[in-house]
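Student: I've got a model open and I'd like to talk it through. Can we start with the overall picture and then go into the details?

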Amino acid sequence: MGQLFYLKECSSTNDEISKFLLYGNSDFTALHTFNQTKGRGQYGNTWASTAGKNVAYTLAVKAQSSLLPDFIFNYYTAVVIRDFLANLTDNDVKIKWPNDIILRNKKIVGILIEKKKFNQDNYFIIGAGFNVLQDHFDEISHAGSLLTQTGQVYDLDDFVLNLHEYLCEKLKNIPSEKEIINQFNGNLFRKDEISVFEIEKERQNGIIRNADEKGELWIELERDGLKPFYHKEIKLLY
Ligand SMILES: O=C(O)CCCC[C@@H]1SC[C@@H]2NC(=O)N[C@@H]21
């Protein structure tokens, strides 16, 4: 198992992991906190978290131990985190393309994967924010926690230890690209269901069909027919 470090308080585990890579001698080095004060989300957004209730976890993986294209690495990470949570909660956990983790219609995990170089080595910096014990979210928010979605109270220390062990194990044995895409599609949120999308500020009904090997999502649209989309070209309203 890779090394797992803990900070009582931390600005952003994705930023502070660099200090720990100086001491680490493993291909997998992780940092976690239950009090992240300056969490970063995708596209420059902030990631807010209630102190003592949620988990901010970052795993740095030496890039040489993975030769996958970035988006496939992203998909695989989402698949592994989904599987971990599905096993833990015994629930049907889904992946909202490209990598949000959804439980009973609410986002319970946000993932931010960055690529950085430290000491001549390239790393995938996998940052994941898990809403575990938070019991209140904005009414209009799409966010929820393991507690709000399952009613279960999880021990945060056990949660992180088990997560870390599971992730390292799965990242040591990465399946083929084809297998990753199959697993990803098998767990895609709202696949083969009618949904509403926003495309260039217009709404349209459509059905998510599948993610492909180029990183695109294929959607069958009511007006435009079957079309591929890259991230941010389309918004799923749910
Ligand atoms: O926008 C998203 O959905 C991604 C959120 C990622 C948040 C996690 S929490 C641990 C790690 N540290 C950060 O600052 N961000 C990621």
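Tutor: Sure, with one definition up front: two strands pair if DSSP finds at least two bridges between them. Keep in mind too that this is a predicted model.

Student: How many helices and strands does the protein have?
Tutor: Strands and helices are both here. The tally for the protein is 14 strands and five helices.

Student: What radius of gyration does the protein have, against that of a compact globule?
Tutor: Start from the chain: with 238 residues, a compact globule would come out near 18 Å. Along the principal axes, the C-alpha atoms fill a box of roughly 55 × 40 × 30 Å. The protein agrees with the globule value, as its own radius of gyration is 18 Å.

Student: What share of the residues is buried?
Tutor: Buried here means under 20% relative accessible area. Counted over the 238 residues of the protein, the buried share is 50%.

Student: What is the strand order in the open sheet of five strands?
Tutor: The pairing in this sheet is antiparallel. Its edge strands, each pairing on one side only, are β13 (225-229) and β14 (235-237). From one strand to the next, the twist averages 45°. Reading across, the order is β13-β12-β11-β10-β14.

Student: Which residue in β11 stands opposite Ile194?
Tutor: Look at strand β10, residues 194-199, and strand β11, residues 202-211. They pair in the antiparallel sense over six bridges. Opposite Ile194, in β11, stands Ile207.

Student: Is Glu216 buried or exposed?
Tutor: Find Glu216 in the loop between β11 and β12 (217-221). Leaving out residues up to four places away in sequence, Glu216 touches Trp97, Asn210, Ala211, Pro228, Phe229 and Tyr230. Its relative accessibility is 9%. The cut-off for buried is under 20%, so Glu216 counts as buried.

Student: And Gly44, is that buried or exposed?
Tutor: Gly44 sits in the loop between β3 (39-40) and β4 (46-47). Its relative accessible area is 77%. Exposed means over 50%, so Gly44 is exposed.

Student: What distance separates the C-alpha atoms of Gly44 and His32?
Tutor: Along the chain, these two residues are twelve apart. In space, their C-alpha atoms are separated by 21 Å.

Student: Last one: what share of the accessible surface belongs to carbon and sulfur atoms?
Tutor: The accessible surface of the protein comes to about 11900 Å². Of that, the share belonging to carbon and sulfur is 46%.

Definitions and conventions
Residues are numbered from 1 along each chain as its sequence is written. This is a predicted model: local features need pLDDT of at least 70, side-chain atom pairs count only at pLDDT 80 or more; totals for chains, interfaces and linings use all residues. Side-chain values use heavy atoms; hydrogens and water are left out. Helices (H or I, at least four residues) and strands (E, at least two) are DSSP runs, numbered from the N terminus. Axes are lines fitted to C-alpha atoms, for helices over the stretch in contact, and angles run from 0 to 180 degrees between N-to-C directions. Buried means under 20% relative accessible area, exposed over 50%, partly exposed in between (1.4 Å probe, protein chains only). Contact means heavy atoms within 4.5 Å. The radius of gyration is taken over C-alpha atoms; the globule rule is 2.2 Å times the number of residues to the power 0.38. Accessible areas come from the Shrake-Rupley method with a 1.4 Å probe; for residues, only the protein chains shown count as cover.
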